[in-house]
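The following exercises concern cores, sheet pairing and backbone conformation. Each task is followed by a solution in steps.

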Amino acid sequence: MRARRGQDALIRLQVDLADAVFGSTRDLTVDTAVRCAACDAAGTAPGSTTETCVMCKGRGEIQQVQRSFLGQVMTSRPCPQCQGFGTTIPHPCPECSGDGRVRTRRTLTLQIPPGVDTGTRIQLAGEGEVGPNGGPAGDLFVEIVVAEHEMFERRGDELHCIVTVPMTSAALGTSMSLDTLDGATSIDIRPGTQSGETLLVKGQGAGRLRSAGRGDLHVHLRVQTPTRLDPEQEELLRSFAALRDETTVQVGASSGEQAGGLFSRLKDAFTAK
Ligand SMILES: [Zn+2]
Ligand SMILES: [Zn+2]
């Protein structure tokens, strides 16, 4: 029997974040060995058959007697004439040169389940390399690589993003539309929002394989201080500062005192002397 099981094959497939979160169907072009149709995987040319190997008389191995100081030692090794098969192919199939298989390109439809992540391997049983001379096929493994998203970063089943909020909106509060993987989602910026605060959008994170539900989307807010002011805007801000008695900066005010640690040490450094 010349047939052997074929090898497993591994290919990598890059998918975008939305496909990884929601699942997807993709057509894959794979290049693997398949059964040779010309000889029906036998490896022999039409009208010919395999023959018993004359060198090993069909045993597949050659035995040798070696003399040593311990006496006679019998060793065996695979027959070099037939590579251990016990048979030879005097007239190989011209299509596959006797291997019983040919390489071909085919298209498979792959079902990507929701929740896959980089490194997830999807196993397609029997879609790997067909074995020599009609041996069963190995499996095909598709390893997922999730492409980086320009806005969302995935950490386990959570997604994170950074949203920049103008200083005025952070102070006054507003609601804004955020394009998440699920579509436009309204988020509320509460009046008095500080830079570094996080909003949670429940259930709009990533998922996990074979588990129901999804994690949350964490929206990290950055309050943006205006960098270029025209004279009118500057005047307004100066009046605003005067109204709030903020024309001189108080070192180590409110939030710094509560935070302790680094902030209070910084304050000490400023107020010492
Ligand atoms: Zn063939
Ligand atoms: Zn042989």
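Two strands pair if DSSP finds at least two bridges between them; strands (E, at least two residues) and helices (H or I, at least four) are DSSP runs, numbered from the N terminus. The model is predicted, so local features need pLDDT of at least 70 and side-chain atom pairs count only at pLDDT 80 or more, while totals for chains, interfaces and linings use all residues. Residues are numbered from 1 along each chain as its sequence is written, and chains are lettered from A and ligands numbered from 1 in the order in which they are written.

**Exercise 1.** Determine how many bridges join β14 to β15, and place both strands in their sheet.

Step 1. β14 and β15 run antiparallel and are joined by 4 bridges. Within this pair, Leu199 has Val219 of β15 as its bridge partner.

Step 2. The open sheet consists of 4 strands with mixed pairing, in the order β10-β11-β15-β14.

Step 3. The edges are held by β10 (153–155) and β14; each has a single partner strand, so one side of each is left without a neighbour in the sheet.

Step 4. On average, neighbouring strands of this sheet are turned by 30 degrees against each other, direction ignored (axes are lines fitted to C-alpha atoms, and angles run from 0 to 180 degrees between N-to-C directions).

**Exercise 2.** Identify the residues of the largest nonpolar core and explain where this core lies.

Step 1. A nonpolar core is a set of buried Ala, Val, Leu, Ile, Met, Phe, Trp, Tyr and Cys residues joined through C-beta atoms within 7 Å. A residue is buried with 20 or more other C-beta atoms within 10 Å of its own, exposed with 12 or fewer, and partly exposed in between, C-beta atoms being placed from the backbone.

Step 2. The largest such core has 10 residues: Val15, Ala20, Val21, Val116, Phe152, Leu159, Leu181, Ala206, Leu217 and Val219. At least two of its residues come from each of α1 (17–22) and β15 (217–224).

Step 3. Because domain 1 (9–50 + 89–146) and domain 2 (149–227) both contribute residues, the core lies between them; the bounds come from an automatic or database domain assignment.

Step 4. Another core, of 6 residues, lies apart from it and includes Cys36, Cys39, Ala42 and Cys93.

**Exercise 3.** Describe the backbone and surroundings of Ser97 and Arg210.

Step 1. Ser97, a residue other than glycine, has a positive phi near 55 degrees. Ser97 sits in the loop between β6 (87–88) and β7 (101–112) and is exposed, with 12 other C-beta atoms within 10 Å.

Step 2. For Arg210, also not a glycine, phi is positive and near 55 degrees. Arg210 belongs to the loop between β14 (198–201) and β15 and is exposed, with 8 other C-beta atoms within 10 Å.
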